[in-house]
Amino acid sequence: MERLPCNPNTRTDSGCQLNGQRLVLWRHGRTAWNADGRFQGQTDVALDEIGLAQASRAAALLAALDPSYIASSDLSRAYQTATALATACGLS
């Protein structure tokens, strides 16, 4: 696994600090196409039941990072995943 390059003086146990901020990348939950092994690309496929549960569980854990900003693509699977975290953090 590769890490983003950073100054060794700013590295922490959890990765690189970016100007005192942390960047966390999070992949969307499962879709029916993921379960079927299908490539979805830009096709807008929503999360399935398992994907919604994954997003909810991960959001509960990631909320401990106290994010101040959440961004996602406009695809529903990404938006649904990000919305789970926003809800857990009280962000809109």
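The exercises below work through a predicted model of one protein chain, each with a solution in steps.

## Exercise 1: The overall layout

Task: State how many helices and strands the protein chain has, and in what order the elements run from the N terminus.

Solution. Begin with the count, which gives 3 helices and 2 strands in the protein chain. Next, follow the chain from the N terminus, where the elements run in the order β-β-α-α-α. Then turn to burial: of the 92 residues in the protein chain, 24% are buried. Finally, take the contacts with a separation of 6 or more, of which 49% are accounted for by residues 24 or more positions apart.

## Exercise 2: The packing of α2 and α3

Task: Find the angle at which helix α2 and helix α3 pack, and decide which word describes how they lie to each other.

Solution. First, locate the two elements, α2 at residues 49-62 and α3 at residues 76-89. Their axes lie 8 Å apart, and the angle at which they pack is about 40°. An angle counts as roughly parallel under 35 degrees and as roughly perpendicular from 65 to 115, and α2 and α3 are therefore oblique to each other. As to handedness, the crossing in which α2 passes α3 is right-handed.

The last step is to list the residues that meet. From α2 these are Leu52, Ala55, Ser56, Ala59 and Leu62, and from α3 they are Gln80, Thr81, Ala84, Leu85 and Ala88. Sorted by class, the contact of α2 with α3 has 7 nonpolar and 3 polar residues, with no charged residues. The spacing of such lists can be read against a general rule: an α-helix has 3.6 residues a turn, so residues three or four places apart point the same way.

## Exercise 3: Helix α3 and what follows

Task: Compare the reach of α3 with the expected value, and name the buried residues of α3.

Solution. Start with the length, since α3 has 14 residues and reaches 20 Å from its first C-alpha to its last. This reach is close to the 20 Å expected at 1.5 Å a residue. Then name the buried residues of α3, which are Arg77, Ala78, Thr81, Ala82, Leu85 and Ala86. Among what covers these buried residues is α2. To finish, look at the residue after the helix: Gly90 follows α3, and the phi of Gly90 is positive, near 75°.

## Exercise 4: Two loops that approach each other

Task: Locate Leu75 and Gln42, and determine for each whether it is buried or exposed.

Solution. Leu75 belongs to the loop between α2 and α3, whereas Gln42 belongs to the loop between α1 and α2. Burial requires a relative accessible area under 20%, and Leu75, at 10% relative accessibility, therefore counts as buried. The cut-off for exposed is over 50%, so Gln42, at 66%, counts as exposed.

The next step is the distance: Leu75 and Gln42 are 33 residues apart in sequence, while their C-alpha atoms are 7.5 Å apart in space. Leaving out residues up to four places away in sequence, Leu75 touches Gly41, Gln42, Thr43 and Asp44.

## Exercise 5: Around the start of α1

Task: Determine how accessible Thr31 and Ala32 are, and name the residues that each touches beyond four places in sequence.

Solution. Thr31 is in the loop between β2 (15-16) and α1 (32-36), and because its relative accessibility is 0%, Thr31 counts as buried. Setting aside residues up to four places away in sequence, Thr31 touches Gln40, Val45, Ala46, Leu47, Asp48 and Arg77.

Ala32 is placed in helix α1, and with a relative accessible area of 39%, Ala32 is partly exposed. Beyond its neighbours within four places in sequence, Ala32 is in contact with Ala46 and Asp48. The C-alpha atoms of Ala32 and Ala46 are separated by 8.0 Å, with their positions 14 residues apart along the chain.

## Exercise 6: Arg22 and Asp66

Task: Place Arg22 and Asp66 in their loops, and state the sign of phi at Asp66.

Solution. Arg22 lies in the loop between β2 and α1, and at 45% relative accessibility Arg22 counts as partly exposed. Although Arg22 and Pro67 are 45 residues apart along the chain, their C-alpha atoms are separated by 8.9 Å. Asp66 is in the loop between α2 and α3, and at 64% relative accessibility Asp66 counts as exposed. Its backbone is the last point: Asp66 is not a glycine, yet has a positive phi of about 55°.

Note on methods
Residues numbered from 1 in each chain as written. Predicted model: local features only at pLDDT ≥ 70, side-chain atom pairs only at ≥ 80, totals over all residues. Heavy atoms only, no water. Axes fitted to C-alpha atoms, helices over the stretch in contact; angles between N-to-C directions. Helix = DSSP H or I, 4+ residues; strand = E, 2+ residues; numbered from the N terminus. Parallel < 35°, antiparallel > 145°, perpendicular 65-115°, else oblique. Left-handed = near helix turned anticlockwise from the far one by under 90°. Contact = heavy atoms within 4.5 Å. Nonpolar A, V, L, I, M, F, W, Y, C, P; charged D, E, K, R; others polar. Expected span 1.5 Å × (residues − 1). Buried < 20%, exposed > 50% of the residue type's maximum accessible area, 1.4 Å probe, protein only.
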